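Open the model in your viewer and keep the selection box handy. We'll hop from one stop to the next, and at each one I'll say what to pick and what you'll find.

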Amino acid sequence: MQKLTVGYSTLADRVGNIVPPPMQKNWGVSIVIQNPERIAWRGERLAQLMLRDDVEVQELESLGVAKSRNRNIWLAKGEYLVFGDDDVEFDVDGLTKAIAYLDDHPQYSLLLAMAKDTAGKIRKRYPKRIQQLTRYNSAKAATYEMIIRVDAIRQLGVWFDEEFGAGAKNYLGDEYIFVVDMITAGGKGVFVPILIATHPEESSGSRWGTAKDRVVRAAIFTRVFGFLAPLVRLAFGLRRIKELGGLKNLLLFVLAR
């Protein structure tokens, strides 16, 4: 059995951007391509990747990053799965340390780690210490920071909500919802300050400022907190009022409008 599967999600016209880790003993690579328009994607770069014994490629005739993440969970042959995008590069030493932590702490079904940008700057303000994940401290989770224990997640019946994430109407929040659903189902997650990935500074999760962004973020809190969502949106919005664009937009955010 593989120890780790590195599961990439990409679009047909971006598959050539993937730079997987060098081949490692007991590691595998799974590439799921979203291709509803059936674009030709078998270029020279992918042909080189497919020469590797550890690479598996599957095509979907659908759009939506959550769908391809879910397919990676199905395809994973490793004990653990880390989620990658076509613009993410992973650190082998960091992944090895994260795997060792999960080996030593079998109670955790998910580990959340850290990432830097291409200039070497840590991408966000991470906790200084190890801490257990809750629905109140996981909203900034990114998929390329997440490593799951595959069998545990399958047994919990946790999948990415395909109504959220890039390619869906609600184009944010799939990672946060996944973490919360895992906790709700009885799983445990942990943040460990280990650097595992490099990702460009800009990402979909950093989007603010438009009415559409506000509505999508409001929908995420409704999905996670149900009838308590307005109160949580108020508390969250007061901390991010500048990004929301002032008091009027804060009120609209609280009302999910």
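Start by selecting V6, which sits in strand β1 (residues 2–11); helices (H or I, at least four residues) and strands (E, at least two) are DSSP runs, numbered from the N terminus. This is a predicted model, where local features need pLDDT of at least 70 and side-chain atom pairs count only at pLDDT 80 or more, while totals for chains, interfaces and linings use all residues. Residues are numbered from 1 along each chain as its sequence is written, and side-chain values use heavy atoms, leaving out hydrogens and water.

Is V6 buried or exposed? V6 is buried, at a relative accessible area of 1% (buried means under 20% relative accessible area, exposed over 50%, partly exposed in between, with a 1.4 Å probe and protein chains only). Now show what surrounds V6: not counting residues up to four places away in sequence, it touches P21, G28, V29, S30, V82 and F90 (contact means heavy atoms within 4.5 Å). Add I18 too: it is 12 residues from V6 in sequence and 11 Å away in space, C-alpha to C-alpha.

**Next stop: β2**

Select residues 27–34. Strand β2 pairs with β1 in the parallel sense over 8 bridges (two strands pair if DSSP finds at least two bridges between them). To see one such spot, pick Y8, which stands opposite I31 in β2. Then bring in strand β3 (residues 55–60), joined to β2 by 6 bridges and also running parallel to it. Here V32 stands opposite Q58 in β3.

In a regular strand the side chains alternate between the two faces of the sheet. Turn on the side chains of β2: W27, V29, I31 and I33 point one way, G28, S30, V32 and Q34 point the other way, and all are buried. With 8 of its 8 residues buried, β2 is therefore largely enclosed by the rest of the structure.

Just before it, click on N26, in the loop between β1 and β2. N26 is partly exposed, at 42% relative accessible area. Its phi is near 70 degrees, a positive value in a residue other than glycine. Most residues other than glycine have a negative phi.

**On to β8**

Select residues 146–149. Strand β8 is covered on both faces, with M146 and I148 buried on one side and I147 and R149 buried on the other. Strand β4 (residues 78–85) pairs with β8 in the antiparallel sense over 3 bridges, and V82 has I147 as its bridge partner. Strand β6 (residues 110–116) is joined to β8 by 3 bridges as well, again antiparallel. There, L112 stands opposite M146.

Now pick I148 alone. Which residues does I148 contact, leaving aside neighbours within four places in sequence? They are I73, E79, Y80, L81, F83, S109, L110, I153 and F178. I148 also belongs to the largest nonpolar core, which has 55 residues; I31, L110, I148, F178 and I196 touch the most other members (a nonpolar core is a set of buried Ala, Val, Leu, Ile, Met, Phe, Trp, Tyr and Cys residues joined through side-chain atoms within 4.5 Å). A second, separate core has 19 residues, including Y171, V232, L244 and V254.

**Some helices**

Helix α2 covers residues 65–75, and 8 of its 11 residues are buried, so it is largely enclosed by the rest of the structure. Colour the buried ones: V65, A66, S68, R69, N70, N72, I73 and L75.

Then show α5 (residues 174–184) and α6 (residues 211–225) together. Where do they meet? Y176, I177, V180 and D181 in α5 meet I220, R223, V224 and F225 in α6.

**Last clicks**

Select H199, in the loop between β9 (189–198) and α6. H199 is buried, at 4% relative accessible area. Beyond its neighbours within four places in sequence, H199 is in contact with D87, V88, K116, D117, T118, R123 and Y144.

For a contrast, jump to K128, in the loop between β6 and β7 (131–132). K128 is exposed, with a relative accessible area of 75%. Finish at A256, in the segment after α9 (247–254), which counts as partly exposed at 33% relative accessibility. A256 has a positive phi of about 60 degrees although it is not a glycine.
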